[in-house]
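Here are a few exercises to work through with the model open in your viewer. Try each task before you read its solution.

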Amino acid sequence: MNRADEVLMALPSDTAAKLWGVDKAPTNVLIETEDGRTFIVFISEAKGKFFLFNGWSDVVTHLGLKTGCLVILNPLDSTRFKLTYFVNGVSPTCFWTSMVPTASHFSADIAPIDSVQDVAPLGVAEQPNGHIIRFVRMAAHYFWLPDNVSSMAKLDLGLKSITIRLLHLNPQKEYPNGTRREKKVKGYRYALRRWSRFMNIACIKVGDTVYFCFDETDQVLSVERVVPHVIRR
């Protein structure tokens, strides 16, 4: 690994576009290591490419990453990554062996986020005219509705506003929020408009664990609980 790799790590363009959209990226991400540490790493942009910049050298120093290491960044959500690394094909912290030949340079792979984007719901309750579905998300700079919620909201038939209820606040708040869509490999995925405004109104910060509930009958998306994210140092 040369000196430039210690302070600046390029992210694959196709991976960045899949995580955040074309020419979009959060200000920073959280990188969690297997020994329980969490690092805040800022994103830098140059000539259309994104890099792990301020804070990345802290990760490198903490783990003692060297030339020939293979680093795997597995997305937990769009702004949180779990980092695993291999030295001479072996992970120092778990029973995993890499079959990828080590190279003379430092490299980073990012696992696809699709496998963790739509996790199984906490529960689906039946009611006379529809369902109530509960799900949990780690708050990030972008928010996509689970596919089953988008289907219950019938967003495939046309974009519309969804009633938002913030049950975790005192006093509680309710207001309409628009939706938008973005094309994916097969079909579309749907999101709330003005997500940063939503986070401000709901007093949600990046990294917080948010418990949602969608009522199909009333077409209401509620925030039932927010658990603040604690960075372990």
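**Exercise 1.** Decide whether threonine 209 is buried or exposed, and find what it touches.

*Solution.* Keep in mind that this model is predicted. Start with the cut-off: a residue counts as buried under 20% relative accessible area. Threonine 209 has a relative accessible area of 18%, so it is buried. Next, place it: threonine 209 lies in strand β14. Finally, look at its contacts, skipping residues up to four places away in sequence. Threonine 209 touches Val136, Arg137 and Met138, and also Arg225, Val226 and Val227.

**Exercise 2.** Do the same for threonine 27: where does it sit, and is it buried, exposed or partly exposed?

*Solution.* Threonine 27 belongs to the loop between α2 (13-20) and β2 (28-33). Its relative accessibility is 49%, and exposed means over 50%. Threonine 27 therefore counts as partly exposed. For its surroundings, leave out neighbours within four places in sequence: threonine 27 is then in contact with Phe42, Ile43 and His141. You can also check a distance here: the C-alpha atoms of threonine 27 and valine 41 are 8.8 Å apart, with their positions 14 residues apart along the chain.

**Exercise 3.** Work out which residues of helix α3 are buried and why they line one face.

*Solution.* Begin with a rule of thumb. An α-helix has 3.6 residues a turn, so residues three or four places apart point the same way. Now list the buried residues of α3 (residues 56-63): Trp56, Val59, Val60 and Leu63. Looking down the axis of α3, these residues fall within an arc of 100 degrees, so they line one face of the helix. Then step past the end: α3 is followed by glycine 64, which has a positive phi, near 65 degrees.

**Exercise 4.** Sort out the two sides of α6, and find what covers its buried residues.

*Solution.* The buried residues in α6 are Trp195, Phe198, Met199, Ile201 and Ala202. Around the axis they cover an arc of only 165 degrees, which puts them on the same side of α6. Over on the other side of α6, Ser196 and Asn200 are exposed. The cover over the buried residues of α6 includes β10, β11 (173-177), β13, β14 and β15. After α6 comes cysteine 203, again with a positive phi, near 55 degrees.

**Exercise 5.** Find which residues have the most contacts inside the largest nonpolar core, and which elements supply it.

*Solution.* The largest nonpolar core has 28 residues, and those with the most contacts inside it are Leu166, Phe198, Ile204, Phe212, Phe214 and Leu221. Among the elements that each supply at least two residues of this core are β9 (130-138), α5 (147-152), β14 (209-215) and β15 (220-227). α6 gives the largest share, five residues. A second, separate core has 23 residues, including Leu11, Leu52, Cys69 and Phe81.

To finish, zoom in on leucine 221. Not counting residues up to four places away in sequence, leucine 221 touches Phe135, Leu145, Ile162 and Phe212, among others.

**Exercise 6.** Zoom out: how many helices and strands does the chain have, and what share of its residues is buried?

*Solution.* Count six helices and 15 strands. Of the chain's 233 residues, 43% count as buried. For the surface, the accessible area comes to about 12700 Å², and 54% of it belongs to carbon and sulfur atoms.

Definitions and conventions
Residues numbered from 1 in each chain as written. Predicted model: local features only at pLDDT ≥ 70, side-chain atom pairs only at ≥ 80, totals over all residues. Heavy atoms only, no water. Buried < 20%, exposed > 50% of the residue type's maximum accessible area, 1.4 Å probe, protein only. Helix = DSSP H or I, 4+ residues; strand = E, 2+ residues; numbered from the N terminus. Arc of directions from axis to C-beta. Core = buried A, V, L, I, M, F, W, Y, C linked by side-chain atoms within 4.5 Å. Contact = heavy atoms within 4.5 Å. Areas by Shrake-Rupley, 256 points an atom, 1.4 Å probe, with all protein chains shown as cover.
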